[in-house]
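Let's take a friendly walk through one structure, with a helix and two buried spots as our stops. Have a look at it first, and then read on.

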Amino acid sequence: MRNIGTTLFIGFALMLSGSLASAAEVRVLSVGSVQIAAKVLAAEFTKETGNKVTLTIVTPSDIPQKLASGTYDMIICSIPAMEALDKAGSLLTGSRSPLSRVGIGVIVREGAPVPDVSTPEAFKQTLLAARSIVHSNPATPNQSGVVTMRILTKAGILDAIKPKARISDQLAEGFAMVARGDVELALFNLVELPAGVRLAGPVPAPLQDYTSYETAVLANGAAPAEAQAFIKLMISPPARPTWQAASLEPFPYQ
């Protein structure tokens, strides 16, 4: 993973108190899809500014409970979830920032033949020929199952896929089902894959669809200035390669 650059971080550090003696902790509540890039950027920010970033990774459905039971300075979640937090008055006014987006990929067992998903027609034929497919629950808000349903609908194969679809809201279990051979294909967010599975390819344009993520400072946080400085780092041009290396497309989208 490439370094972000000392000069950039000095600028962010100067926005803060400028003294390691007054270093703060930035507590970030984040969904799992962005965690690889977020951890890299958090480590660099902490190294250069002295302000520690603590990431708490949760599933989207657990965000309300976590916010109710703990205190955080910053949130990273999908746009619909962020809209709900904004309407509830949970965010510091004007602090919302687009961050990144992730598409859906087709995952197969390691060692199995890699199907062709390079074109819309090849993608459709591969899914229609598969004996079984796992994806997350489309009834669970703000997860990849909702996006998957939009893709299958655009492809015109939703009704054909439903009878052979299996549901797993736990990404690790979904990958394990493919690795064990319990299912032939998986449709999940493009993320770093564990051993036992491999990426056949992303859903091809124009069928591809995305989950878009935003970040914001929480209204009841204890370190709003430091949180805002970390956000400015995350959305800065030098951070783009870190997002791309984690299979996420940074904002602004190109």
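Helices (H or I, at least four residues) and strands (E, at least two) are DSSP runs, numbered from the N terminus. Just after helix H8, Gly181 takes a positive phi of about 85°. This is a predicted model, in which local features need pLDDT of at least 70, side-chain atom pairs count only at pLDDT 80 or more, and totals for chains, interfaces and linings use all residues. Residues are numbered from 1 along each chain as its sequence is written, and side-chain values use heavy atoms, with hydrogens and water left out.

Which residues of H8 are buried? In this helix (residues 171–180) they are Gly174, Phe175, Met177 and Val178. Buried means under 20% relative accessible area, exposed over 50%, and partly exposed in between (1.4 Å probe, protein chains only). Because these residues cover an arc of only 150° around the axis, they sit on the same side of H8; the arc is that of the directions from the helix axis to the C-beta atoms. They pack against strands E4 (97–109), E5 (133–135), E6 (165–167), E7 and E8 (197–202). Contact means heavy atoms within 4.5 Å.

Now compare two buried residues:

| Residue | Relative accessibility | Status |
|---|---|---|
| Ala186 | 0% | buried |
| Thr148 | 2% | buried |

Ala186 lies in strand E7 (residues 185–189). Leaving aside residues up to four places away in sequence, Ala186 touches Gly105, Val106, Ile107, Val134 and Val178. Thr148 belongs to helix H6 (residues 144–155); with that same sequence limit of four places, Thr148 touches Ile104, His135 and Leu187.
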